[in-house]
Structure formats: structure tokens, C-alpha cells
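Work through the exercises below with the structure open beside you. Try each task before you read its solution.

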Number of protein chains: 2
Amino acid sequence: MIERADAEALDRADPLAGFRDGFVVADAPIYADGNSLGRLPRSVADRMDALVADWGERLVRGWADWIELPVRVGDRLAPLVGAQPGEVLACDSTTVNLYKLAGAALDRRPGPVVVDVHEFPTDRYVLEGLAARHGVELRRLASDPVAGPQPAEVAAAVDGAGLVVLSVVGYRSGALADVAAITAAVHEAGAAMLWDLSHAVGVIPLDLAAAELAVGCTYKYLNAGPGAPAFLYVRRDVQELLRSPIQGWFGQREQFAMGPAYDPEEGIGRFMAGTPPILALAAVEPAVEVVARAGVPAIRDKSVALTSYAIELHDAWLAPLGFELGTPRAPARRGSHVSLRHPEGWRICRALIERADVIPDFRAPDSVRFGLPPLYTRFVDVWEAFDRLRRLVDDGVHLELAAAPFRVT
Amino acid sequence: MIERADAEALDRADPLAGFRDGFVVADAPIYADGNSLGRLPRSVADRMDALVADWGERLVRGWADWIELPVRVGDRLAPLVGAQPGEVLACDSTTVNLYKLAGAALDRRPGPVVVDVHEFPTDRYVLEGLAARHGVELRRLASDPVAGPQPAEVAAAVDGAGLVVLSVVGYRSGALADVAAITAAVHEAGAAMLWDLSHAVGVIPLDLAAAELAVGCTYKYLNAGPGAPAFLYVRRDVQELLRSPIQGWFGQREQFAMGPAYDPEEGIGRFMAGTPPILALAAVEPAVEVVARAGVPAIRDKSVALTSYAIELHDAWLAPLGFELGTPRAPARRGSHVSLRHPEGWRICRALIERADVIPDFRAPDSVRFGLPPLYTRFVDVWEAFDRLRRLVDDGVHLELAAAPFRVT
């Protein structure tokens with residue numbers, strides 16, 4: 001399976017192949033960073049045109065529709081994460097949403113916070129601040145950097161904890177957590193579970209029903225644009241128990257009565273803060289619709305096939321050049337990106353971008369990530385990217401580049 | 001000056017008249033709610049097209065430019081508020097920015113928080129939550145609903161306080177505070193001053209140098225679009241003394257080193273939280289440029305002329321119909337909107353929109369607000385809006401409408 005013709009055959013048999021035409025795709029570069037920023041769906045470009053025109057024509061009257069966007073987009077997202085309507089809200093950034101939900105959870109039930117040392121930085125930083133503010137311990141789980149946090153490790157760390165925050169898919173390793181087993185272990189210990197879905201939503205079938213809380217972003221596999229508003233999930237039965245620490249007017253019951261005291265809305269709306277950025281939020285809706293049309297199970301099937309193919313090529317071509325797989329080998333334990341570790345990872349990544357027209361990204365200290373979003377990535381793209389990679393490293397092209405401008409240890 | 005021809009003569013003499021062509025303006029309606037949502041500048045529509053194309057073509061490489069937007073847009077805003085480069089940041093919502101700055105100020109110097117009972121609701125709600133969390137008193141200044149908070153009232157309330165939060169221009173009354181005198185009184189008492197500039201920025205010459213902190217929105221007189229990202233100001237000498245309670249990765253020094261502990265950036269960047277919504281943030285830059293090109297002093301001159309003209313028409317036509325001016329009469333003490341109070345305000349506002357093609361807005365309990373942004377509002381628009389208003393009320397058209405669907409007391 002390592003000839004280009006094999007990849008071409010896989011593409012011909014791909015039931016999702018037609019979705020690529022729904023995105024803006026040029027001949028070059030080969031794009032393997034859709035897990036940082038997804039490609040532009042044509043329907044989103046159309047929606048942006050319509051929204052800007054709507055602002056110009058309807059002016060403030062547009063708010064009659066726009067004001068529903070956070071809940072309406074949330075309801076569209078809900079089936080993708082195994083949630084019910086009224087449990088998901090599109091708003092703010094992942095960082096601010098994590099702050100709101102983790103803060104609310106700690107207000108309700110103070111106690112040590114468990115987070116993985118390999119958790120995405122913003123999650124670690126937000127929780128470090130909240131733990132200090134609430135005067136509770138921040139317990140750092142030392143999971144394996146490739147395998148990610150395991151249920152037994154979480155179970156061993158969660159005793160007496162108030163809140164556990166983990167990612168469904170690790171941002172660097174691509175490791176896919178055992179969501180059901182970990183959530184059960186956390187609940188067994190009496191703590192609350194908050195999942196970060198950023199690298200999972202839209203590409204991994206999710207069933208959040210057991211977990212109380214989640215946050216996630218929409219600019220990766222949901223393709224909603226650079227810095228697109230994020231989302232949050234609060235299971236219905238705990239909504240009324242929690243209050244956002246940021247008491248904004250968009251979370252106020254009878255918002256336009258503008259009454260004297262804060263009185264949070266019933267339901268998911270209470271987790272809003274300020275006025276949502278409509279130009280960015282409007283893009284999320286058509287972006288989510290593309291994913292919903294393809295269906296996450298079909299996306300997942302192709303995702304597993306793409307990452308399996310990448311690992312096969314790694315083993316054949318790249319392991320002999322000093323690469324090490326930084327992503328779990330078991331298909332059931334990985335998301336939709338593959339990390340290749342190499343001591344010269346930073347320079348190799350730059351060389352791919354600058355000299356080979358292939359765009360992966362780099363994550364400190366040594367991982368070159370190849371994101372393979374199934375809706376627009378072809379098997380031949382994987383073949384071509386890795387073929388260029390092996391030639392580049394074999395020729396030592398990366399050694400011509402300057403070292404990383406920042407500490408990568 | 002109450003004939004239509006007088007208004008037409010004022011328009012002919014208006015040095016800013018040409019700016020109206022820079023906005024999307026149809027023949028109808030008469031728009032008097034630009035203080036809620038400014039009109040669409042043509043340059044912003046062009047920028048949105050370019051930005052969406054940029055995303056499609058450059059993909060993640062666009063971040064090389066986009067990542068600078070919060071500071072770059074902040075630097076463009078700085079001269080409009082009398083701040084220096086590196087003191088303003090465009091990000092998040094006004095609500096979240098207020099939470100970050102007021103929270104940081106209370107962490108640094110705990111003490112009672114002073115806010116006006118007529119302050120915009122989100123400010124009151126955020127401060128109510130923060131005061132409770134910090135275990136400090138929330139002192140509610142009972143200012144006059146038309147005149148707004150006076151320096152002597154603030155001086156009398158600020159003893160022992162940690163923080164004072166007030167709006168430069170009142171959202172309902174349009175009252176313009178004496179910024180210099182109030183800031184001095186607050187500092188005399190040893191408290192910190194945080195100004196909300198939402199109804200002032202872009203239409204009132206501002207000199208923030210004395211105040212430590214400010215927040216404001218960009219979708220009113222800056223015309224950056226529905227829910228456009230807001231801004232915050234932190235005077236340079238206090239930046240290093242403060243830490244945002246929301247410790248996000250965009251405020252981290254060496255963000256992409258992704259190190260183990262939160263270590264806030266030097267300078268204004270430390271007040272960032274999560275990934276900014278680029279599609280919405282990009283609109284702010286060309287929007288601000290339009291205002292900068294016109295110049296705030298010239299905008300202010302026309303603003304005073306427009307509001308003076310509106311008050312003249314009110315006195316002649318509307319006072320006899322039961323209206324009462326809800327905005328200060330002294331030009332130096334008001335912003336760029338005029339509030340007319342009437343017991344039937346809510347129905348009158350709806351009738352203007354539904355039956356007369358004039359768009360003001362309503363603020364509980366009894367104020368119909370007429371926002372008069374100088375860059376695209378003509379004197380003839382004021383004449384026409386108030387002429388339709390007096391006919392409508394004289395004919396009792398508003399009495400045909402249903403009562404307000406919410407409590408307006």
C-alpha cells in the first residue's frame with residue numbers, strides 16, 4: 001500500500017470524497033493542519049456575505065434573529081456531542097467557557113482539581129488560576145505523553161477531588177480517551193467531570209450524557225473560521241445548580257427589563273456573558289451543518305482509515321529516518337491527527353512549510369502534527385505529504401534552517 | 001428652525017456630510033439607533049470579503065497576521081480614547097473585559113465597589129458578582145436619572161472604596177460625566193477608576209490618562225458590527241501590577257512554548273484570554289479607521305449640533321404632547337443620543353418602528369432613545385423622525401398597539 005496508485009484507489013472508494021468540493025481548495029499547498037484551523041466551507045463564505053448584507057439592511061432589527069444564535073447553534077451542535085437540545089450554547093472562547101464552567105463547578109462543590117500535565121495549555125492555566133482562587137489543590141496527572149490519561153490513573157488521582165478536566169483527544173498526541181470509563185471513575189469518587197472536546201468534536205462520535213460539563217472549539221474539525229466562537233455543554237439536571245462567575249446581561253432573565261439585581265435565566269442561557277460576536281458566530285451554523293450532513297460515524301470511519309494509512313507510511317518510510325510515532329497505534333485510541341516525534345521536529349516542520357508546500361504544525365517539544373480532517377483530506381494527500389517529508393529529511397533540507405526562536409524543551 | 005428647509009440648510013453646511021456615502025444607507029428607514037448598532041461602513045464589508053478569502057487561501061498561515069489584531073486594533077483605538085500605544089487591547093465582550101479588569105483591580109486592592117444605580121445592567125451585574133466573591137460591599141450611587149453621577153456625589157460615596165465603575169455617557173439618559181473631576185475625586189480617596197466608554201468612544205473626545213482602567217464596545221459609534229469584539233484599556237504603569245483572573249493561553253508569555261505554569265506576558269497582552277474571533281475582530285480595524293479619518297473633535301461638533309437641534313424640536317413639538325426631556329440640556333453634559341421620556345414610551349417606540357419607518361429604541365421604564373451618530377445622520381433625518389413622531393402621538397397611533405411584553409417599571 002505504499003505506491004501512489006494505492007492512495008488513489010483508496011480515494012476512488014471513499015464515500016465522503018464528494019464533500020471536498022464543498023470547501024475552498026486550491027492545488028497547493030497540501031494542508032495537514034485542519035486540526036488547528038479547518039478549511040473554508042463554501043456555505044460559510046455565502047453565509048458571511050448574507051450576514052454582512054443583513055447588518056447593512058436590517059440594522060438593529062437583525063437582532064430579532066441574531067439573539068437566538070447562541071442557543072440555536074448550540075442545538076445544532078448538540079447531536080454531534082450526544083447532548084440534548086437546550087444543553088449546548090455557542091459563545092465566547094473555549095478559555096472563557098472553561099473558566100465559567102469550572103468556576104461554577106468549584107463554587108458549587110469546592111475540592112481539588114485534577115488535570116493532566118499534557119492537557120492543552122489554556123486549560124492548565126485557567127485551572128491553575130481557579131484552583132488558587134478557590135484555595136484548592138491542583139493535582140497534575142502525569143499521564144504517558146503518547147497514550148494519554150488512562151481510566152486507572154484517573155481513578156487513582158481523583159479521591160476527594162471536586163472536578164476533573166481532561167481532553168477527549170490530546171492536542172499533541174492525538175490520544176483518544178476512554179470517555180465512558182474515565183467519567184465513571186470520576187463519578188465513583190464523587191467529583192464532577194468536564195471534558196474538553198476541542199480536538200474531538202465533529203470527528204469522534206461522542207455521548208456526553210454521563211458527564212456534567214464540557215467545552216470545545218469550532219475552528220478545527222467544525223471549520224467555522226479563525227477563532228470562531230466556542231461552545232459549552234451543561235447537562236440539563238445540573239444547569240439550575242450552577243451560576244456563571246461572569247454575571248453578564250445576556251445571562252439575565254428578562255434581559256431587557258434591565259432590573260436592579262442579577263437573576264440568571266433558567267436553562268442553558270444563564271451561561272452567556274456579554275453580547276456575542278455575531279459576524280463570527282453566524283459562521284458556525286453553516287459550518288456545523290456540513291459536518292451533520294456527512295454524519296460523524298462516516299467521518300470517523302474515514303478518519304481511522306486516514307490515520308492508519310499515515311501510520312503505515314510512517315513505519316515504512318519515516319521510522320528509519322529517526323521518527324517515532326507520537327500517537328497511539330490502536331485505532332480505537334486515537335483521534336484524527338497523527339504526531340511524529342523527532343528531535344529536529346521544529347526545523348522539519350518549518351522546512352515542510354517553506355520548502356515542500358506541505359502544512360503540518362509543530363507542538364513543543366518534538367512533535368510534528370499531521371491533522372487529517374476527513375471531509376477534505378484525500379489519501380493521496382497523505383501519501384504526497386509523507387513522500388515529501390521523507391525526501392526532505394533524507395536530503396537534510398531542514399538542517400539548512402535556523403533553530404526554533406523559542407525554547408522547545 | 002423648525003421648517004424642513006432649515007434642516008436642509010444645516011445639512012448643506014455640514015463638513016462631515018460626505019462621510020454618509022461611506023456607509024450602506026437605503027432611502028428607508030430613518031435610523032436613530034446607531035448607538036445600539038452602528039451602520040455598515042462600506043470599507044468593513046470589503047474587509048470581510050477579503051478576510052474570508054484570506055482564510056480560504058492562506059489557511060492557518062493567516063495567523064501570522066491575525067495574531068497581531070488585538071494589539072494592532074487596540075493601538076488604532078488608543079488615540080480615540082486619549083491612550084498611548086500598548087495600552088488598549090481589542091478582545092472579548094465588554095462584559096468579559098469588565099470582569100477581567102474589575103476582578104484584577106479587586107485582587108490587587110480589595111475594597112468596596114461603587115457603581116451607579118443607573119449604570120448599564122451588565123456592569124451592575126458583573127460587579128454584583130465580583131463584590132460578593134471578594135466579600136466587599138457594593139455601594140450603589142443613587143444619581144439623578146437624567147443628570148447622571150456628579151463629582152460631589154461620587155466624592156461623598158467613595159470613602160474607603162477600592163474601585164469605582166461608571167459610564168462616561170449614560171446608556172439611557174445620554175448624560176456625559178465630568179470625567180476629569182470624577183477621576184480626581186476617586187483618586188483623592190485612594191480608589192481605582194474604571195470607565196465604561198461604550199456610549200462615548202468615537203463621538204466624545206476622551207483623555208483617559210488619569211484613569212487606570214476602562215472598557216468599551218465597538219458596535220455603537222465605531223460601527224464594527226453586531227456584537228463586535230470590545231476593548232479594554234489599562235494604563236501602562238499599572239499593567240504589571242494586575243493579573244487577569246482568566247488565565248488564558250493568549251495572555252501567556254511565549255505562548256507557543258506551552259510551558260507548565262502560567263506566566264503572564266509583559267504589557268497589555270496579559271489581559272487576553274482565549275483565541276480571538278478573527279472574523280469579527282477584523283471588522284473593527286476598518287471601522288475605527290473611518291472614525292479616525294473624520295476626527296473625533298469634528299464628530300463631536302456635529303453631535304452637539306444634532307442633539308441641540310433634536311432638543312429644539314422636542315421643546316417646540318413634543319413637550320406639549322406629554323414628553324419630557326430625559327437628557328441634560330447643557331451641550332457639554334450630554335453624549336450623542338437624546339432620550340425622550342413618556343409614560344407610553346414603549347408603545348410609542350414600537351409604533352414609530354412599525355407604523356412610521358423610524359427606528360429609535362426603548363429603555364425601561366419610559367425612555368425612547370434617539371441615537372444620532374454624526375457620520376451618517378442628517379439634520380433632515382432628525383426633522384423627519386420628530387415630525388413623524390409628533391403626528392403619530394397626536395393621532396394616538398401608539399394606542400392601537402399591545403402593551404409591553406415585559407415589566408417596564
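**Exercise 1. Is Met258(A) buried or exposed, and how many other C-beta atoms lie within 10 Å****?**

Start with the ground rules. This is a predicted model, in which local features need pLDDT of at least 70, side-chain atom pairs count only at pLDDT 80 or more, and totals for chains, interfaces and linings use all residues. Residues are numbered from 1 along each chain as its sequence is written, while chains are lettered from A and ligands numbered from 1 in the order in which they are written.

Step 1. Take the cut-offs. A residue is buried if 20 or more other C-beta atoms lie within 10 Å of its own, exposed if 12 or fewer, and partly exposed in between, with C-beta atoms placed from the backbone.

Step 2. Apply them. Met258(A) has 21 other C-beta atoms within 10 Å, so Met258(A) is buried.

Step 3. Check the backbone. Met258(A) is not a glycine, yet its phi is positive, about 55°.

Step 4. Place the residue. Met258(A) lies in the loop between helix H9 (236-239) and H10 of chain A. Helices (H or I, at least four residues) and strands (E, at least two) are DSSP runs, numbered from the N terminus.

**Exercise 2. Describe Asn223(B) in the same way****.**

Step 1. Asn223(B) is not a glycine, and its phi is positive, about 60°.

Step 2. Asn223(B) sits in the loop between strand S7 (213-216) and strand S8 (231-234) of chain B.

Step 3. Asn223(B) has 30 C-beta neighbours inside 10 Å, so Asn223(B) counts as buried.

**Exercise 3. Which residues of helix H4 of chain A are buried, and where do they fall around the helix axis****?**

Step 1. H4(A) spans residues 69-77, and its buried residues are Leu69(A), Pro70(A), Val73(A), Gly74(A), Arg76(A) and Leu77(A).

Step 2. Look down the axis. The buried residues of H4(A) fall within an arc of 160°, so they line one face of the helix. The arc is that of the directions from the helix axis to the C-beta atoms.

Step 3. Find the partners. The buried residues of H4(A) pack against H3, strand S2 (88-90), strand S8 (231-234) and H10 of chain A.

**Exercise 4. Find the cis peptide bonds at Pro365(A) and Pro365(B)****.**

Step 1. In chain A, the bond from Ala364(A) to Pro365(A) is cis, with omega near 5°. Pro365(A) is in the loop between strand S12 (361-363) and strand S13 (367-371) of chain A.

Step 2. In chain B, a cis bond joins Ala364(B) and Pro365(B), with omega about 5°. Pro365(B) is in the loop between S12 and S13 of chain B.

**Exercise 5. What turn and shift lay chain A on chain B****?**

Step 1. Superpose the copies by least squares on the C-alpha atoms of residues with pLDDT of at least 70 in both. A turn of 180° and a shift of 0.0 Å along the axis give an RMSD of 0.0 Å.

Step 2. Name the relation. The turn and shift are those of a two-fold axis.

Step 3. Find the residue of chain A that comes closest to the rotation axis. That is Ala280(A), at 2.6 Å (C-alpha).

Step 4. Compare the surfaces. The same surface serves both copies, as 100% of the contact residues of chain A recur in chain B. Two residues are in contact if their C-beta atoms, placed from the backbone, lie within 7 Å.

**Exercise 6. How many residues does each chain give to the contact****?**

Step 1. Chain A gives 63 residues and chain B gives 63 residues.

Step 2. List the elements of chain A that give two or more residues. They are helix H2 (42-58), helix H3 (63-66), helix H5 (94-108), helix H6 (121-134) and helix H10 (278-294). H6(A) gives the most, with 7 residues.

Step 3. Sort the side of chain A by class. It has 39 nonpolar, 15 polar and 9 charged residues. Here Ala, Val, Leu, Ile, Met, Phe, Trp, Tyr, Cys and Pro count as nonpolar, Asp, Glu, Lys and Arg as charged, and the others, Gly among them, as polar.

**Exercise 7. How do the two assigned domains of chain A meet****?**

Step 1. Domain 1 is 4-31 + 295-400 and domain 2 is 45-293. These bounds come from an automatic or database domain assignment.

Step 2. The C-alpha centres of the two domains of chain A lie 29 Å apart. In the contact, 21 residues of domain 1 of chain A meet 18 residues of domain 2 of chain A.

Step 3. On the domain 1 side, helix H11 (296-318) and strand S10 (337-341) of chain A each supply at least two residues. H11(A) gives the most, with 5 residues.
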